[in-house]
Amino acid sequence: MNSQGSQEEEEMSQQYVSTNVDEPLMLNFETCETVDKSIAHLECELNAAVSDIADLVHSKYKRFLPEAMIENRLLNKLSEVLRNSEQTEKEIRERISAVEEDLEAYMNSGASSRLSRLRECKEKLGLLKEIEENIDLLLHTSIDEENGALLSARIIANMERQIEAMNKNESDVAGLIIGRICPALQEQLATMKGSLVVYLSSVFEQLCEIGNENGGTLHTLMIVYEHPAVTAKHLSAMQTLRILDFMLAKLCSYIMRGMCSFIITSKNPSQVFSVGEPTEVGAMKRKYEVRTDLPTAEGVRKPDLDATFQTLEKFFGCLAEDMQGLVVDDTPLIGMIGKKIAGELVDMIVKECLSVAVPYSAEEKPEFEKLLATAENFRNNLVSLGLFTSETITFKKFADSYDTVFINRRCTAFIVKARSLINAPLMPLLEVGSDEREKCEATETFMKAKLFVGRSATSKQCSSLMQLMRCKVSESCVKLFKLVEDCLKEAADSDSDVAAVMQLMRCKVSESCVKLFKLVEDCLKEAADSDSDVAAGRLFQTALNMVQLFVLVAPRQHEAQLSSVPLIAAVFYNNCHYICHCLMTASIDLYPQVKKAMKQGPPYGMSFMESLPGLRKLAATLMESQLIQCRRQLRTILADDQILVGLHEAKRLAICEKALDGCMMHLQQLAAVWKEVLTDTVCSNSLGNLASFLLSRIDDFILKMLDIRATDAQIMAVKIQKLLESLEQLFIFGSDKCSSIHRFAESPYYRTKEIVFCLDGTLEDVSDRWCGGKGPMAQWLSAKEVCGLVEALFQNTRKRAQLLADISLSNVGSAGQ
């Protein structure tokens with residue numbers, strides 16, 4: 001049934017063609033109207049022919065009918081349609097050229113443009129005929145032949161261009177070419193191209209066989225081929241089909257990441273890489289092996305960089321030898337591989353071999369320059385092998401930026417070391433600074449320091465501009481200034497060290513802090529000794545960055561200890577001020593040299609002084625936080641405001657003694673810690689703050705009491721006096737024989753002493769101590785506070801009333817004055 005139906009279809013098609021195309025066109029071309037009818041008739045014929053051709057394409061490449069594929073009816077149909085349409089078009093054009101009358105009107109009618117579109121349609125049918133011939137040729141070409149794969153690839157590439165030219169909207173007949181013919185041809189072409197791509201891919205995988213052995217610890221590469229000429233034609237076929245680039249990219253990725261990277265990062269490259277001897281019996285064959293289980297030194301300096309370059313030369317030398325004769329369109333295959341890996345290989349060598357070997361000091365520069373020469377010699381060897389070209393990036397570019405890399409590495413090393421020191425524990429401690437005797441010596445040096453000599457101020461010009469108007473002064477003032485002037489003139493010719501003036505008081509700081517500023521000082525010295533103003537500026541900025549890093553990181557790193565351990569808070573306070581002191585001395589010792597090395601000088605605002613406010617604020621904030629916590633602890637111990645009430649009872653007395661002893665013990669512990677660490681001034685001010693808080697708290701308790709028993713008053717006086725004596729012992733520093741509590745807790749200390757005097761005294765004693773508002777008691781206690789004490793301590797008698805009246809009167813009198 002299928003054969004009978006196909007025969008009937010064939011007879012009907014032949015009959016249609018014979019009636020529409022084969023018969024010569026017997027048209028009347030005498031007038032323009034007959035020419036239009038002829039063009040319309042040709043359009044109908046082409047429409048019918050294209051429809052028949054679309055059916056034949058669909059039958060052959062979509063339905064795969066045997067008779068359509070075997071008898072080649074499509075090609076015959078195309079030839080016949082093209083031949084008849086060409087003859088008809090020729091006759092119409094001859095008639096058009098022969099028409100002489102009404103020519104202008106006929107040209108304006110658009111008949112020529114219609115005929116041109118029909119011609120373009122005919123040209124597309126011609127392309128279709130060529131595609132059909134190429135498909136027939138492709139089916140009869142064996143890819144196993146020597147030139148079969150290359151010829152097939154070229155045919156497929158040509159067909160792709162032809163189908164692309166057909167697949168346009170111009171001169172399409174009812175959308176049949178784009179809608180039916182082109183998709184069927186594209187699908188057929190994709191199938192034929194896919195089979196060729198699979199074959200060529202297998203050829204390339206056999207040529208460069210990659211794999212893993214020993215559980216992935218051994219990467220292998222096998223180069224295998226029989227005839228270089230045949231392999232080259234296969235590679236050219238891949239290039240024609242535009243798949244060679246993808247295959248080479250996959251191979252180059254394996255070469256770089258699976259082999260070269262392990263050679264470059266290995267500590268012993270000669271043990272990592274091995275290559276076998278080539279075998280030429282029947283086929284060229286050689287195996288490359290790279291071990292991945294040996295120790296690597298990624299990101300650090302390699303112990304033997306010469307061995308690294310020698311191993312790489314051996315690898316690429318063998319690879320170039322094995323691929324000799326493999327040429328793709330006059331381009332060696334090894335050159336194509338080199339073009340893909342050149343940039344990555346150079347970057348990898350720079351990162352893993354050169355950058356990590358950049359020296360930290362000038363003494364190591366000759367060795368590094370020798371390494372640069374070795375790297376450049378390696379590049380030249382790859383150029384001679386054909387892997388690299390003369391345009392390939394050189395290592396000289398890295399050498400040109402070597403100074404910048406050197407400075408970057410040096411600055412990075414400084415920052416890394418600084419961060420490690422900042423994060424280090426704040427213990428152990430080191431003693432720094434000077435004592436009082438050294439401080440006095442420094443004061444004498446200060447008077448002779450040439451820094452404070454204004455040479456220009458003694459010039460005649462300035463003297464004439466700054467003349468003093470006539471007046472009278474004491475003779476002693478003139479002699480004093482003459483003494484100062486002689487001292488300054490003597491200092492102008494001396495070489496005294498100005499930095500000795502700015503001595504730090506003796507205290508203890510962290511060992512890590514001392515090392516940190518030693519690192520800052522080394523960075524500044526390198527900046528001062530630098531030959532490049534850029535290097536000097538980078539190093540100077542790095543020194544400032546290390547100080548800023550301390551300000552930002554150190555409080556967060558040691559936050560828990562700083563908030564809970566008084567010793568750590570005191571040490572950190574000293575660390576901040578020690579760095580401030582060192583920055584100020586460096587501004588005199590090193591800053592002028594750094595500024596000279598920078599030639600144009602540092603930018604505005606870029607100096608050591610910019611870091612001082614931040615350091616001082618940080619130290620003050622943390623120390624104040626610690627004092628707040630200590631005051632909170634004292635407030636917790638003295639939480640009961642009735643602690644001084646009922647001391648005649650043994651139980652109440654024990655509670656009071658326990659609270660006072662607890663406060664005193666807390667202060668004694670703090671004093672023992674801080675005296676070992678802080679300077680005497682800072683320690684006394686800190687203890688003075690806490691002592692003032694403690695005494696003020698006790699004073700408030702007493703002044704709020706409305707009635708005080710005589711026995712309670714005596715006991716309070718004894719206990720508070722004992723507390724004062726204990727506090728006085730905390731303020732004896734060094735070789736001092738007397739306490740200095742009156743300097744750091746003046747008002748609370750004297751107020752408490754006056755309150756104790758009232759507790760232990762009589763009305764006459766209080767009256768004498770008040771002395772009409774002129775006595776020492778009136779200096780520290782107000783009249784209202786004294787009256788309250790008198791009322792709470794003494795019975796209501798005429799003497800008390802008289803004393804209260806005198807105190808009130810003296811208060812009114814002093815207010816009036």
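Guide: A charge sits over a ring if NZ of Lys or CZ of Arg is within 6 Å of the ring centre and within 35 degrees of the ring normal. This is a predicted model, in which local features need pLDDT of at least 70 and side-chain atom pairs count only at pLDDT 80 or more, while totals for chains, interfaces and linings use all residues. Residues are numbered from 1 along each chain as its sequence is written, and side-chain values use heavy atoms, with hydrogens and water left out.

Visitor: What makes K675 count as lying over the face of F733?

Guide: K675 is at 5.0 Å from the ring centre of F733, a value that satisfies the distance limit just given. R769 likewise lies over the face of F757, at 5.1 Å from the ring centre.

Visitor: Why is the pair of Y288 and F315 called edge-to-face?

Guide: Rings of Phe, Tyr and Trp (its six-membered ring) pair if their centres lie within 6.5 Å, and planes under 30 degrees apart count as stacked, over 60 as edge-to-face and the rest as tilted. The centres of Y288 and F315 are 5.7 Å apart with 75° between the planes, and the pair is therefore edge-to-face. Y288 lies in strand β4 (residues 284-291) and F315 in helix α12 (residues 305-322), so the pair ties together parts that are 27 residues apart in sequence. Both rings also belong to one aromatic cluster, formed by F273, Y288, F315 and F316.

Visitor: What is the pair of F309 and F378 called?

Guide: With 5.5 Å centre to centre and 50° between the planes, F309 and F378 form a tilted pair. F309 in helix α12 and F378 in helix α14 are 69 residues apart.

Visitor: How do you know whether F309 is buried or exposed?

Guide: Buried means under 20% relative accessible area, exposed over 50%, and partly exposed in between (1.4 Å probe, protein chains only). F309 has 1% and is therefore buried, and F378, at 0%, counts as buried too.

Visitor: Why is α13 described as roughly antiparallel to α14?

Guide: Helix α13 (residues 333-354) and helix α14 (residues 365-385) pack at an angle of about 170°, with their axes 12 Å apart. Angles under 35 degrees count as roughly parallel, over 145 as roughly antiparallel, 65 to 115 as roughly perpendicular and the rest as oblique, so α13 is roughly antiparallel to α14. Among the residues that meet, with heavy atoms within 4.5 Å, are I334 and L345 in α13 and F368 and F378 in α14.

How values were computed. Axes fitted to C-alpha atoms, helices over the stretch in contact; angles between N-to-C directions. Helix = DSSP H or I, 4+ residues; strand = E, 2+ residues; numbered from the N terminus.
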